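Biologist: I am new to this structure. Please show me how to read it, one feature at a time.

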Amino acid sequence: EFREGYTTVTYPGLERVNRYQPAVHQARLVDVKVAPGLRAGYVMGSGDEVPEALEQLGVRVEMLQAADLATGNLGQFDVILLGIRAYAARSDVKTYNPRLLDYVKNGGTLVVQYQTQEYDNNYGPFPYTQTPRAEEVSEEDSPVEILDPQNQVFHFPNKITRADFDGWVEQRGSKFFKTWDAQWKPLVETHDTGQELQKGVWLEARYGKGRYIYCALAWYRQLPYAVPGAVRLVANLLSLPKAK
């Protein structure tokens with residue numbers, strides 16, 4: 001019978017301290033729908049647990065390597081997601097970025113999670129800038145305004161409201177756009193206390209027959225904790241190719 005566990009906290013030059021906590025495993029039940037039969041490609045960046053969360057939603061996930069980006073059939077995927085810091089961690093993502101744009105142009109849905117300044121080189125279909133000091137919102141309970149409430153991503157298959165931004169952990173997101181071309185449509189606005197309004201958080205652009213989405217919300221922090229609203233939002237993002 002295990003009643004307590006501990007994590008050792010230390011650092012070179014400091015003493016070892018054992019942090020004791022009750023031996024509790026937390027489970028969450030999330031009311032969420034996802035379009036059936038989705039097939040997703042995932043380009044891992046510096047490392048996150050988002051693919052595991054997608055599989056828990058019933059989405060078939062395939063991890064994409066350099067060869068897949070170079071010559072693979074990207075069109076077989078309903079949606080392709082780029083993991084955090086992919087443009088910093090993998091040179092092949094930069095090299096084969098035109099293939100990702102072609103995927104969107106031909107009708108695909110590409111979701112790019114937060115990227116650092118290596119991405120600030122107009123890798124998207126239309127111009128944008130982050131600047132070396134890209135903004136972030138660190139208050140996880142910061143107010144969120146939905147700027148395009150009629151957008152499909154807020155209706156299918158889950159109805160999204162402001163309540164879906166309650167109960168988030170650690171932060172809202174980071175590495176927002178500072179400026180962007182008129183072809184980009186900002187979807188939400190948020191800000192820390194005393195910070196100017198941040199609208200470069202989550203943007204969508206129609207390119208050719210498909211959608212290109214840059215979303216710097218901290219999915220990689222929310223999904224491992226099964227934060228209900230974040231799970232529902234990601235399910236809607238994944239389901240966009242099936243929306244009417």
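Modeller: Start with asparagine 151, in the loop between β9 and β10. Helices and strands are DSSP runs numbered from the N terminus: H or I over at least four residues for a helix, E over at least two for a strand. This is a predicted model, where local features need pLDDT of at least 70 and side-chain atom pairs need 80 or more, while totals for chains, interfaces and linings use all residues. Residues count from 1 along each chain as its sequence is written, and side-chain values use heavy atoms, without hydrogens or water.

Biologist: Is asparagine 151 buried or exposed?

Modeller: Use relative accessible area, taken with a 1.4 Å probe on protein chains only: under 20% is buried, over 50% is exposed, and in between is partly exposed. Asparagine 151 comes out at 8%, so it is buried.

Biologist: What does the side chain of asparagine 151 reach?

Modeller: First, the rule. A polar contact is a pair of N or O atoms within 3.5 Å; within protein, one must be able to donate a hydrogen and the other to accept it, and residues adjacent in sequence count only if both atoms are side-chain atoms. Here the side chain of asparagine 151 reaches the backbone nitrogen of valine 153 at 3.0 Å.

Biologist: Which backbone atoms does the side chain of glutamine 130 reach?

Modeller: One is the backbone oxygen of glutamine 115, at 3.0 Å. Another is the backbone oxygen of lysine 175, at 3.4 Å. Glutamine 130 sits in the loop between β7 and β8 (136–137). Its relative accessible area is 1%, so glutamine 130 is buried.

Biologist: And a residue with the opposite label?

Modeller: Take alanine 67, in helix α2 (residues 66–71). Its relative accessibility is 51%, so alanine 67 counts as exposed. Alanine 67 and lysine 175 lie 108 residues apart in sequence, and their C-alpha atoms are 28 Å apart in space.

Biologist: Now the rings. How many aromatic pairs are there?

Modeller: Rings of Phe, Tyr and Trp (its six-membered ring) pair if their centres lie within 6.5 Å; planes under 30 degrees apart are stacked, over 60 edge-to-face, and the rest tilted. The whole structure has 18 such pairs. In one of them, tyrosine 119 and tyrosine 214 have ring centres 5.4 Å apart and planes at 15°, so they are stacked.

Biologist: Where do tyrosine 119 and tyrosine 214 sit?

Modeller: In distant parts of the chain, 95 residues apart. Tyrosine 119 is in the loop between β6 (109–112) and β7 (128–129), and tyrosine 214 is in strand β15 (residues 210–215). Both are buried. They also belong to a cluster linked by ring pairs, with Tyr87, Tyr123, Tyr128, Phe177, Trp184 and Tyr212.

Biologist: Which ring has a charged end over it?

Modeller: The test is NZ of Lys or CZ of Arg within 6 Å of the ring centre and within 35 degrees of the ring normal. The charged end of arginine 172 sits over the ring of tryptophan 168, 5.1 Å from its centre.

Biologist: How do I read the backbone angles?

Modeller: Most residues other than glycine have a negative phi, and most peptide bonds are trans. Arginine 85 is not a glycine, yet its phi is positive, about 60°. It lies in the loop between β5 (79–82) and α3 (86–89). Arginine 85 is partly exposed, at 31%. Asparagine 122 also has a positive phi, about 55°. That residue is in the loop between β6 and β7, and its 41% accessibility makes it partly exposed.

Biologist: Which residues does a cis peptide bond join?

Modeller: Phenylalanine 156 and proline 157, with omega about -10°. Proline 157 is in the loop between β9 (144–146) and β10 (173–174).

Biologist: Last, empty space. What is the volume of the largest pocket?

Modeller: On a 1 Å grid over the protein atoms alone, a cavity is a set of points where a 1.4 Å probe fits but cannot get out; a pocket is an open set with protein on both sides within 12 Å along at least five of seven lines; lining residues have an atom within 4 Å of a point. Points join across faces, edges and corners, and volume is the space filled by probe spheres set on them. The largest pocket has about 370 Å³. Of its 16 lining residues, Ala53, Gln56, Leu223, Pro224 and Ala226 are closest to its centre. Helix α1 (50–56) gives the most to this lining, three residues.

Biologist: How many cavities of 30 Å³ or more are there?

Modeller: One. The largest cavity holds about 60 Å³. Its lining includes Val50, Trp219 and Leu223. Helix α7 (residues 228–239) gives the largest share, three residues.
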